[in-house]
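Student: Hello! I would like to take a close look at one part of this protein, and then see how that part fits into the rest.

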Amino acid sequence: MTLKLGFIGLGMMGLPMLENLAGLETFRIHAYDRDPQRFDRLKAHPAWGRTLLPATGLTDLADCEVVITMLPNSAITNAVIEGGQDSPGLAALLPRGATLIDMGSSNPADTLRLAPLLQVAGITLIDAPVSGAVAKAANGTLAIMAGGLADDLERVRPILSRMGATLIHTGAVGSAHAMKALNNYVYAAGLLAASEAMLIAQGMDLDPAIFTQVLNASSGRNVATETKLAQFIVPRTFNGGFALALMAKDLRTADSLQQLSGVPAPQLSLCTGLWQQALQALPAAADNTEIYRYLETRHGAG
């Protein structure tokens, strides 16, 4: 039986995720993005024109049983779901019994607000943000966090498993978006610590390659030291594949959870503030590893 599936958002992550998803003949996928140029690469996909089709608007997804959104922020996601005065959103378009999977890094407060609204319309919401950047999106090995009822998650597991190698049920709707934001904070804190340590080492004329080896063989090891220093920061390519603007957005989301939880987190506020400053100082297309370049300039080391 063919499953009618919609996919919205063909950015750096969404496009390779869709390419992996489109490899299964049991899915008939309608893909949508406001930028028609995003379809250029898809036209070379073996499924193009057969089980992978372009959508000209949200109304083309009205008969889909499952719709995935992979959008850059909550404001855009909310608009796609709720629509406007003259443009109905997915909440009004999708049939009762449909499932909506938000795979972007949305604000959990918005997810918690949207879930009951969609439930009234007979639509199930699952929040399923991802971790692993573009390389893992391309080879289908993303880590996927998923919030929702266990039975709902099992129904969409065959879909999610096409895009990720690890699927973690995080609990109720909204829990995955909260955990993703907190995960990105922990990563950002590690990247910040590694960048500051590297700057100090540079100021002491220590060999950055050897220092990276020391970190990765010792207790200072973290995902930033393992996957960002030698690969993108030491050679100064700064092309890790995750935008600094998106990291700044995720940190703002994590920062907002202090109020939601009632737990103060001074280091989280520090990280959030530094990334906002870097966002203002660096080019719009800056990579998240360029936080190092921002710190370099700030401390006069560049």
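Is L94 buried or exposed, and what is its relative accessible area?

Tutor: Happy to help! Keep in mind that this is a predicted model. L94 is buried, because its relative accessible area is 6% and the cut-off for buried is under 20%. To find L94 on your screen, look at the loop between α3 (90–93) and β5 (99–102).

Next, see what surrounds this leucine. Setting aside neighbours within four places in sequence, L94 is in contact with L61, A62, C64, V67 and I123. You can also compare the position of L94 with that of V120: the two are 26 residues apart along the chain, and their C-alpha atoms are separated by 12 Å.

Now let us place L94 in a wider region. UniProt, in an unreviewed entry, gives residues 4–171 the feature "domain: 6-phosphogluconate dehydrogenase NADP-binding". Across residues 4–171 the chain is 31% helix and 25% strand, with 27 Å between the end C-alpha atoms. A further annotation from UniProt, also in an unreviewed entry, is "domain: 3-hydroxyisobutyrate dehydrogenase-like NAD-binding", and it covers residues 174–295. There the make-up is 72% helix and 0% strand, and the end C-alpha atoms of residues 174–295 are 34 Å apart. Try tracing both stretches on the model.

For another loop residue, turn to T51. T51 sits in the loop between β2 (27–32) and β3 (52–54). With a relative accessible area of 12%, T51 is buried. Leaving out neighbours within four places in sequence, the contacts of T51 are A22, E25, F27, R28 and I29. Among them, F27, R28 and I29 fall within the numbers given for β2 (27–32).

Two other residues deserve a look for their backbone angles. Most residues other than glycine have a negative phi. A133, however, has a positive phi, near 65 degrees. This alanine belongs to helix α5 (residues 133–139), and A133 is partly exposed, with a relative accessible area of 24%. D205 is not a glycine either, and its phi is positive, at about 60 degrees. You will find D205 in the loop between α7 (175–203) and α8 (208–216). D205 is exposed, because its relative accessible area is 72% and exposed means over 50%.

Finally, zoom out to the whole chain. The protein chain has twelve helices and nine strands. A compact globule of 302 residues would have a radius of gyration near 19 Å, and the 20 Å of the protein chain agrees with that. Along the principal axes, the C-alpha atoms fill a box of roughly 65 × 45 × 35 Å. Buried residues, such as L94, make up 49% of the 302 residues. Of the contacts between residues at least 6 apart in sequence, 67% join residues at least 24 apart.

The surface and the charges complete the picture. The protein chain exposes about 13,900 Å², and carbon and sulfur atoms supply 58% of that area. The chain carries 21 positive and 25 negative charges, and the mean positions of these two groups are 3 Å apart.

How values were computed:
Residues are numbered from 1 along each chain as its sequence is written. This is a predicted model: local features need pLDDT of at least 70, side-chain atom pairs count only at pLDDT 80 or more; totals for chains, interfaces and linings use all residues. Side-chain values use heavy atoms; hydrogens and water are left out. Helices (H or I, at least four residues) and strands (E, at least two) are DSSP runs, numbered from the N terminus. The radius of gyration is taken over C-alpha atoms; the globule rule is 2.2 Å times the number of residues to the power 0.38. Buried means under 20% relative accessible area, exposed over 50%, partly exposed in between (1.4 Å probe, protein chains only). Contact means heavy atoms within 4.5 Å. Accessible areas come from the Shrake-Rupley method with a 1.4 Å probe; for residues, only the protein chains shown count as cover. Lys and Arg count as positive and Asp and Glu as negative; His and the chain ends are not counted. The place of a charge is taken as NZ of Lys, CZ of Arg, CG of Asp or CD of Glu. UniProt positions are given in the numbering used here, feature names are shortened, and annotations may be inferred rather than shown by experiment.
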